[in-house]
Amino acid sequence: MYTDFSKAFDRVNHQMLLYKVKRMGIDGLLLQWIASYLTGRTQVVRVQGYLYREIPVLSGVPQGSHLGPLLFIIYINDISDCFHYCFFLLFADDLKMYLKIKSSRDCAPIQSDLNRLVAWCDNNSMDLNIKKCHSICFSRSRDIIDHSYYINNNLLESVSHIRDLGVTLDSRLSSVPHISEITSKALQMLGFIKRCCIDFQSTNSIRLLYCSLVRPHLEYGSCVWSPFYNVHIQNIERVQHKFLRHMAYRLNLPGTNFYQLNYNQIEEVLHLTTLGIRRNLRDMSVFYNILHSRNSCQQLLAGIAIHIPSRPTCQAISFHIPAHRTNYGYNSFLARTARLANHHSSNVDCFDTPARFRKSIIEFIS
């Protein structure tokens with residue numbers, strides 16, 4: 001269940017917030033300072049130099065401040081009491097609740113937690129935006145248990161794909177919709193750059209714009225959706241190839257024409273690497289951070305198995321990779337990164353210092 005609060009930061013009740021702050025053990029002068037920070041504020045509208053009368057701000061936390069998000073987190077901290085059966089994930093005002101459904105009997109507890117969430121919103125002056133609340137069932141099975149869920153007697157829309165923190169997920173956990181979306185956005189931005197930079201003399205500036213405005217679309221969250229089918233890999237790579245063709249024309253490189261372009265040669269001239277290599281570098285960096293607890297994720301760390309051979313062998317393998325019967329499991333994040341680490345184990349030491357590890361992966365994986 002993906003939920004959305006209507007004007008979440010503007011609906012924070014000051015008196016209730018101060019009560020919750022005090023209940024956490026904050027009292028005295030510090031509580032008075034927080035109260036003075038929240039209360040006594042006014043807002044005014046300016047149109048073409050004319051000011052409307054001042055209106056007192058009776059609710060909400062100041063947005064764009066350092067203290068505002070912290071106070072909002074304190075305000076919704078007790079929302080966890082709503083969930084007796086479901087697990088939940090909370091990032092600012094984005095709330096997701098989920099539960100593994102094995103039979104139709106597991107659907108009733110979800111509706112029960114939804115009802116408690118609605119009651120919490122009523123008691124805390126918050127409101128759920130029904131139009132932006134959705135339900136989605138993630139399953140690769142053909143037999144999916146379909147059930148209708150309600151918020152305030154309004155049917156919750158069931159969707160086949162959804163955008164979660166910048167990554168589009170579909171019901172079968174396929175990366176195809178996300179890849180189609182990011183390649184479309186990247187091509188649009190690349191076309192915009194080519195039109196705006198038609199009079200640019202410095203190709204360095206065009207390269208910088210590509211790396212700043214186009215390539216991030218193709219790399220954000222790649223550890224989650226990294227493709228393993230060649231057709232999807234080529235769809236992503238063709239965006240950079242289009243940029244390379246444009247730069248080859250601008251640089252007028254000898255021995256290159258539109259029909260016989262050597263993309264590797266152009267990448268060397270521009271000091272670029274393929275997007276596939278950059279995804280591998282990113283995978284290895286995240287894997288290293290998880291292994292050394294630099295990224296706090298105990299669930300992923302528990303999934304990394306160190307290979308301990310029963311007898312001395314010539315083959316240096318650092319990590320054990322369990323067998324997978326599907327391509328999806330075989331190419332999951334931990335499986336593919338552990339396989340990549342084993343492949344480069346003679347040159348890349350995942351137990352080395354961060355500086356030496358980073359130098360080795362750039363040198364040998366690139």
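## The second largest pocket

Let's start with the residues around the second largest pocket: 17 line it, and E219, R278, L281, R282 and R358 lie nearest its centre. Here a pocket is an open set of points on a 1 Å grid over the protein atoms alone where a 1.4 Å probe fits, with protein on both sides within 12 Å along at least five of seven lines, and lining residues have an atom within 4 Å of a point. Its volume is about 330 Å³, taken as the space filled by probe spheres set on the points, which are joined across faces, edges and corners.

By type, the lining of this pocket divides into 7 charged residues (Asp, Glu, Lys and Arg), 5 nonpolar ones (Ala, Val, Leu, Ile, Met, Phe, Trp, Tyr, Cys and Pro) and 5 polar ones (the others, Gly among them). The largest share, 5 residues, comes from α10; α6 (203–219), α10 (275–291) and α14 (354–364) each supply at least two. Helices are DSSP runs of H or I with at least four residues, strands are E runs of at least two, and both are numbered from the N terminus.

## About the model

This is a predicted model, in which local features need pLDDT of at least 70 and side-chain atom pairs count only at pLDDT 80 or more, while totals for chains, interfaces and linings use all residues. Residues are numbered from 1 along each chain as its sequence is written, and side-chain values use heavy atoms, leaving out hydrogens and water.

## F5

Not counting residues up to four places away in sequence, F5 touches I79, D93, L95, W120, C121, M126, D127 and L128, with contact meaning heavy atoms within 4.5 Å.
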